[in-house]
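Welcome! Please take a first look at the model below, and then let us walk through it together, one region at a time.

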Amino acid sequence: MTNLYPRAFLFDLDGTLYTSHGVIPGAPEVLATLRNEGVPFRLLTNTTMRSRAELLDHIGSMGLDVMEDELFTPSVAASAILDVYECESVAPFVAEQAMNDLGDREFVGGVSGNQFMGRPDAVVMGDVGEQWNATLLNEALRYVLDGAVLIALQKGRYWLSSDGPRLDVGPFVAAIEYATKEEAIVCGKPEAPFFNAALDSLFSDGVAREGDEPIVMVGDDMVNDVYGAQKVGIEGWLVKTGKFSEPTLQQSDVTPDRVIESVADILI
């Protein structure tokens with residue numbers, strides 16, 4: 001770990017800047033101070049239950065000043081991948097709101113509400129909450145076995161709700177991968193392309209690609225945040241908010257570059 005002040009930050013959202021109980025104390029002041037001091041930042045989230053526009057509204061309602069191009073979501077990344085693979089028909093297994101960021105495409109099967117008897121160009125898997133069941137998983141399985149491209153908005157293992165941990169989309173994606181022997185194209189953390197897209201955005205804003213001062217990812221998840229950051233050559237700082245637990249930290253093969261009580265401590 002370096003003692004030099006970071007030249008740019010990447011932040012996780014849920015568990016780092018806010019939780020289901022509200023904004024983390026000091027988080028709005030952190031973003032305001034960084035903006036005033038000219039330290040660039042980006043927000044990286046694996047959230048797939050809201051569109052980017054809805055997330056921006058939600059973030060803004062808590063007093064967090066964020067612009068559209070500073071927020072990176074899996075749905076936005078997935079749209080770019082669908083373009084690369086020239087996918088016109090998509091079977092969405094995502095929240096309805098997330099479909100808004102997938103572009104102007106033909107949505108068939110899945111949770112689209114549109115009956116479909118053929119094979120779509122792609123299957124996009126995200127978080128559909130309580131809608132996940134054997135029928136949906138078998139439908140996704142058949143599409144992929146028939147040759148549809150498998151895209152996962154992210155592969156988180158679980159997330160922390162107000163009533164405790166809940167399965168994220170990762171276990172469901174893993175089931176389809178195991179059954180089909182096809183590896184999903186993953187659009188969220190901890191995958192390098194997602195981090196690199198955010199870093200490219202920082203570089204385009206004038207942040208130096210190399211320098212003594214580090215670029216830092218701040219998050220509450222050992223794998224998605226800390227490990228994902230370290231894989232692309234930047235520091236990963238762990239906050240003791242959100243899903244943090246001392247046993248997870250002690251038992252993990254991942255070593256954070258820094259452990260802090262909360263995001264407010266980055267200014268200390």
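A good place to begin is a group of rings: Tyr 5, Phe 9, Phe 11, Phe 41 and Trp 237 form one aromatic cluster. Please keep in mind that this is a predicted model.

**Aromatic pairs**

How many aromatic pairs does a search of the whole structure find? The search returns seven. One of them is made by Tyr 5 and Phe 9, whose ring centres are 6.1 Å apart with planes at 70°, so this pair is edge-to-face. Another joins Phe 93 and Trp 132, with centres 6.3 Å apart and planes at 5°, so this pair is stacked. The stacked pair links distant parts of the chain, since Phe 93 belongs to strand β6 and Trp 132 to the loop between β8 and α5, 39 residues apart.

Are the four residues of these pairs buried, exposed or partly exposed? Tyr 5 is partly exposed, at 35% relative accessibility. Its partner Phe 9 is buried, at 0%. In the other pair, Phe 93 is buried at 0%, and Trp 132 also counts as buried, at 11%.

**Strand β1 and its neighbours**

Phe 9 and Phe 11 bring us to strand β1, where both lie on one side, while Ala 8, Leu 10 and Asp 12 lie on the other. Both faces of β1 are covered, and five of its five residues are buried. In a regular strand, side chains alternate between the two faces of the sheet.

Which strands does β1 run parallel to? One is β13, joined to β1 by four bridges, with Ile 215 of β13 as the bridge partner of Ala 8. The other is β4, also joined to β1 by four bridges; here Leu 44 is the bridge partner of Asp 12.

**The nonpolar cores**

The largest nonpolar core has 27 residues, and those touching the most other members are Phe 9, Phe 11, Leu 17, Leu 43, Val 218 and Ile 266. Two or more residues each come from β1 (8-12), α1 (27-36), β4 (41-44), α2 (52-61), β13 (215-219) and β14 (235-239). Helix α1 gives the largest share, four residues. In soluble globular proteins, nonpolar side chains tend to be buried together.

Val 218 gives a view from inside this core. Leaving aside residues up to four places away in sequence, Val 218 touches Phe 9, Leu 10, Phe 11, Asp 12, Thr 16, Trp 237, Val 239, Ile 260, Val 263 and Ile 266. Apart from this core lies another, of 22 residues, including Phe 93, Val 128, Ala 140 and Val 173.

**Helix α5**

Ala 140 leads us to α5, a helix of 12 residues (134-145) that reaches 16 Å from its first C-alpha to its last, close to the 16 Å expected. Its buried residues are Leu 136, Leu 137, Glu 139, Ala 140, Leu 141, Tyr 143 and Val 144. Their cover includes β6 (89-93), β8 (122-125), β9 (149-152) and α6 (170-180).

What caps the N-terminal end of α5? Asn 133 does, through a side-chain oxygen that lies 3.1 Å from the backbone nitrogen of Thr 135. After the helix comes Gly 147, with a positive phi near 115°.

**Backbone details**

Two residues other than glycine also have a positive phi, and they are set side by side here.

| Residue | Phi | Place | Relative accessible area |
|---|---|---|---|
| Glu 86 | about 55° | loop between α3 (74-84) and β6 | 67%, exposed |
| Lys 181 | near 60° | loop between α6 and β12 | 77%, exposed |

Another backbone detail is the peptide bond from Lys 189 to Pro 190, which is cis, with omega near 5°. Pro 190 is placed in the loop between β12 (185-186) and α7 (192-204).

**Gly 236**

Our last stop is Gly 236, in strand β14. Is Gly 236 buried or exposed? Gly 236 counts as buried, because its relative accessibility is 0% and buried means under 20%. Not counting residues up to four places away in sequence, Gly 236 touches Met 217, Val 226, Ala 229, Gln 230, Pro 256, Asp 257 and Arg 258. Its C-alpha atom is separated by 8.7 Å from that of Met 222, 14 residues apart along the chain.

Terms used:
Residues are numbered from 1 along each chain as its sequence is written. This is a predicted model: local features need pLDDT of at least 70, side-chain atom pairs count only at pLDDT 80 or more; totals for chains, interfaces and linings use all residues. Side-chain values use heavy atoms; hydrogens and water are left out. A nonpolar core is a set of buried Ala, Val, Leu, Ile, Met, Phe, Trp, Tyr and Cys residues joined through side-chain atoms within 4.5 Å. Buried means under 20% relative accessible area, exposed over 50%, partly exposed in between (1.4 Å probe, protein chains only). Contact means heavy atoms within 4.5 Å. The expected span of a helix is 1.5 Å times one less than its number of residues. A polar contact is a pair of N or O atoms within 3.5 Å; within protein, one must be able to donate a hydrogen and the other to accept it, and residues adjacent in sequence count only if both atoms are side-chain atoms. Two strands pair if DSSP finds at least two bridges between them. Rings of Phe, Tyr and Trp (its six-membered ring) pair if their centres lie within 6.5 Å; planes under 30 degrees apart count as stacked, over 60 as edge-to-face and the rest as tilted.
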